[in-house]
Amino acid sequence: MKVQQTFLLILVSSLGTLALEDLGQKTLVFPEESNRAHVVLRPVRQQPLTSFTVCLRSYTDLSRGHSLFSYATRTSDNELLLYKPKPNQYNLYVGWSLVTFSVADNPVPKVLWEHICASWESATGIAELWLNGVSLPRKGMKRGYTIGPEASIVLGQEQDSFGGGFNTNQSFVGEVTEVFMWDRVLSAEDRSVVQVGGRLSDYLIDWQSLNYEIKGYVVVQPSQ
């Protein structure tokens, strides 16, 4: 029995912190720059995607580029990536193509919580991004494309290979909460529901029933 217990302890330690739980009213804190600390998210199902919406809240004082949501496949590390290259810009990648969304420059950007929703659909190629409920001008890319199904989904790092290839200078430092993903483009009404903390259905990633694994120095804290 002791041998079995020791084996299980070693196995859990090697895998990192694995959990499936409701993280409502909780936040993931990434306290420092790192090329290791990240959180792996496991969707409810793995499937090809011809549309998606990803929503999350982030809080950081970083002025350099950093990853917000990284979805890699074995053939494309930037299969789906939400990346913030500087305080007033957001890049959305699909299948290695990208579009950039910009907001008006602010000489002294305030450190505030940001609620971000990004979507894309294959039929039209239209990509959209909403920042704190405000829609930025729509862009287009990868019309007719299908996002691959076998995904490594990571918070806190930008993947340059499937599940790895991390760079400290692209790491996220700050707080992330309320991460959700759907295999459809949300309507304006649905986005409003999500922004105020309401519930929808048919999640691929559900913050309130989350299959996740912490690796490295990431801490779960109560939301402020």
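**Reading the labels on this model**

Guide: This is a predicted model. Its second largest pocket has a volume of about 160 Å³.

Visitor: Which residues line the second largest pocket?

Guide: The lining includes Gly24, Gln25, Lys26, Glu178, Phe180, Val194 and Trp207. Strand E14 (residues 174–182) gives the most, with 3 residues.

Visitor: What is the split of the lining into nonpolar, polar and charged residues?

Guide: The lining has 3 nonpolar, 7 polar and 2 charged residues. Lys and Glu count as charged, and the lining includes Lys26 and Glu178. Gly counts as polar, and Gly24, Gly197 and Gly198 are among the lining residues.

Visitor: Why is the contact of Glu114 and Lys84 called a salt bridge?

Guide: The cut-off is 4 Å between a side-chain nitrogen of Lys or Arg and a carboxyl oxygen of Asp or Glu. For Glu114 and Lys84, the N to O distance is 3.0 Å. That is within 4 Å, so the name applies. Glu114 lies in strand E9 (residues 114–121) and Lys84 in strand E6 (residues 80–86), so the pair ties together parts 30 residues apart in sequence.

Visitor: Are Glu114 and Lys84 buried or exposed, and why?

Guide: Buried means under 20% relative accessible area. Glu114 has 14%, so Glu114 is buried. Lys84 has 7%, so Lys84 is buried too.

Visitor: What makes Glu33 and Arg64 a salt bridge?

Guide: Their closest N and O atoms are 3.1 Å apart. The limit is 4 Å, so the pair qualifies. Glu33 sits in the loop between strands E2 and E3, Arg64 in the loop between E4 and E5, 31 residues apart.

Visitor: Which accessibility class does each partner fall into, and why?

Guide: Glu33 has a relative accessible area of 44%. Partly exposed lies between 20% and 50%, so Glu33 is partly exposed. Arg64 has 18%, which is under 20%, so Arg64 is buried.

Visitor: How do you know that E3 and E16 pair?

Guide: Two strands pair if there are at least two bridges between them. E3 and E16 (residues 210–215) have 5, in the antiparallel sense, so they pair. In E16, Ile214 is the bridge partner of Val39.

Visitor: What makes E3 and E13 a pair?

Guide: E3 and E13 (residues 152–155) are joined by 3 bridges and run antiparallel. At least two are needed, so they pair as well. Leu41 stands opposite Ile153 in E13.

Visitor: Why is E3 called mostly covered?

Guide: E3 spans residues 38–42, and 4 of its 5 residues are buried. Each of those 4 is under 20% relative accessible area, so the strand is mostly covered.

Notes: Residues numbered from 1 in each chain as written. Predicted model: local features only at pLDDT ≥ 70, side-chain atom pairs only at ≥ 80, totals over all residues. Heavy atoms only, no water. Buried < 20%, exposed > 50% of the residue type's maximum accessible area, 1.4 Å probe, protein only. 1 Å grid on protein atoms, 1.4 Å probe; cavity = no way out; pocket = protein on both sides within 12 Å on 5 of 7 lines; lining within 4 Å. Points joined across faces, edges and corners; volume = space filled by probe spheres on them.
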